Amino acid sequence: MSDRSGVDSLMPDLSVISAVTTGAALKAHWFDYQRKLFSSKAEGWRIASRLAALMDGYIRHLCDTDEGFTVLAVGGYGQGRLAPYSDVDLLILYSDHVENKDIPHFLYTLWDAGFTVSHALHTPQSAIKAARENIQTCTSFIDARRVMGSSHLEEDFISALDAYRSTTVSAFIDAKLQEQADRHAQADNSIYAIEPDVKDGRGGIRDLQTLHWLKRYQSGIRNEKQGKFDSPGFLSSREKRRLKKIGEFLWSVRVHLHDLIKRADDRLYFPLQSD
C-alpha cells in the first residue's frame, strides 16, 4: 500500500518558482519535483493532481496579469490531472476590445522547457464558434477551469458555452457515442488485450471520461461538478464508488507508465507489466 501522507507532504512549493525564469530552469524544476513524487511511492493519480497544481503555479508565475487575457486549462489538464508527458491544453481568452491578440510570452517559456502545449487564442464568442465547428474542441471546453486572469472573461465564456450546450444535447451524445465506437474499432476492440492501451483502449480512461462528458453535457456545465456523478438516478452509490476506484487505478498505471518509458505512451507493453 502506498503512503498517502508521503505525497500529501509533497505539495509543490510554489514560493521557489519565483527563481524559475527560463525554459531550462523550468525543466529542471519540473523533473526534480517529479523525482520527489515518484520516490514517495504514491499512487499515480495523486501524482497527476500534484503535477497539474505545479503547472498552474508555473503559468501564474510566468504570466503578466496586466496583459489582458485569461488562461483556462481545458481537456485533461482542465480536470486537474496531468501525466508526466501529457499535453498541456490551454484556452486563452481575450476581450473583444483588445487589439493585440498575439501569443502570450509565457507559452514560449513552456515550449523552451520541453512541454507539449496545445493552445487556442479566442474571444469568448469565437471560442463558441470553434466549439460549434468541432466536436473535439467542444469536448475539451467542458472541463475548462480558470488558471489566471479575469473571472469576467471566464464567466462570459461559460455562459455562452452552456447556452450552446442546452440546444445540442442529443447531437453531442450521438456524436460522442459514435466517436467511441470508431475509437474502439481502430484500436484493439477487446477488453482482454495482452498489451492494452490504458487511455484509449476499450474500458480505459477515455471511456470513463466519455461517461463524465455525457453526464456533464446533459446536466449542465454549471450544475455538474468535474468528475462527479451526483445527479439522482444516473448511477447508484455502488457504481459511483466503483467508477472512482477504476479511474484512480487506470490513472495510476498511466502515470507510472509514463515515468517508466519517459514519453507520452499509454500502451502497457508486455515487458513493462511486471514493473
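Biologist: Before we look at Tyr108, what do buried, exposed and partly exposed mean here?

Modeller: Happy to start there: buried means under 20% relative accessible area and exposed means over 50%. Whatever falls in between is called partly exposed. Bear in mind as we go that this is a predicted model.

Biologist: Thanks! Is Tyr108 buried, exposed or partly exposed?

Modeller: Tyr108 sits in helix α5, which covers residues 105–112. Its relative accessibility is 40%, and exposed would need over 50% while buried would need under 20%. Tyr108 therefore counts as partly exposed.

Biologist: Which residues form the nonpolar patch on the surface, and how much accessible area do they have together?

Modeller: Tyr108 is one of the members, and it lies in α5. The patch is formed by Ile103, Tyr108 and Trp111. Together their accessible area is about 250 Å².

Biologist: Now for charge: which residues gather in the patch of positive charge, and where is Arg242 found?

Modeller: The surface patch of positive charge brings together Arg238, Arg241, Arg242 and Lys245. Among them, Arg242 has 52% relative accessibility, so it counts as exposed. As for its place, Arg242 belongs to residues 237–261, which is helix α11.

Biologist: What is unusual to look for in the backbone of Lys41, and what is its phi?

Modeller: A useful background point is that most residues other than glycine have a negative phi. Lys41 lies in the loop that links α2 (23–39) and α3 (44–62). With a relative accessible area of 62%, Lys41 is exposed. Although Lys41 is not a glycine, its phi is positive, at about 60°.

Biologist: And Lys262: where does it lie, and is it buried, exposed or partly exposed?

Modeller: Lys262 also deserves a look at its backbone, since its phi is a positive value near 60° in a residue other than glycine. Its location is the segment after α11. At 48% relative accessibility, Lys262 falls under the over-50% cut-off for exposed, so it counts as partly exposed.

Biologist: Let's step back to the whole chain. How many helices and strands are there, and what share of residues is buried?

Modeller: The secondary structure of the protein chain comprises 11 helices and four strands. The chain has 275 residues, and the buried share of these is 48%.

Biologist: Last one: what share of the exposed area comes from carbon and sulfur atoms?

Modeller: The area that the protein chain exposes is about 14100 Å². Of that area, carbon and sulfur atoms supply 51%.

Technical notes: Residues numbered from 1 in each chain as written. Predicted model: local features only at pLDDT ≥ 70, side-chain atom pairs only at ≥ 80, totals over all residues. Heavy atoms only, no water. Patch = residues over 30% accessible without salt bridge, like charges linked within 9 Å, V, L, I, M, F, W, Y side chains within 5 Å. Areas by Shrake-Rupley, 256 points an atom, 1.4 Å probe, with all protein chains shown as cover. Salt bridge = Lys/Arg side-chain N within 4 Å of Asp/Glu carboxyl O. Lys, Arg positive; Asp, Glu negative; His and termini not counted. Charge placed at Lys NZ, Arg CZ, Asp CG, Glu CD. Helix = DSSP H or I, 4+ residues; strand = E, 2+ residues; numbered from the N terminus. Buried < 20%, exposed > 50% of the residue type's maximum accessible area, 1.4 Å probe, protein only.
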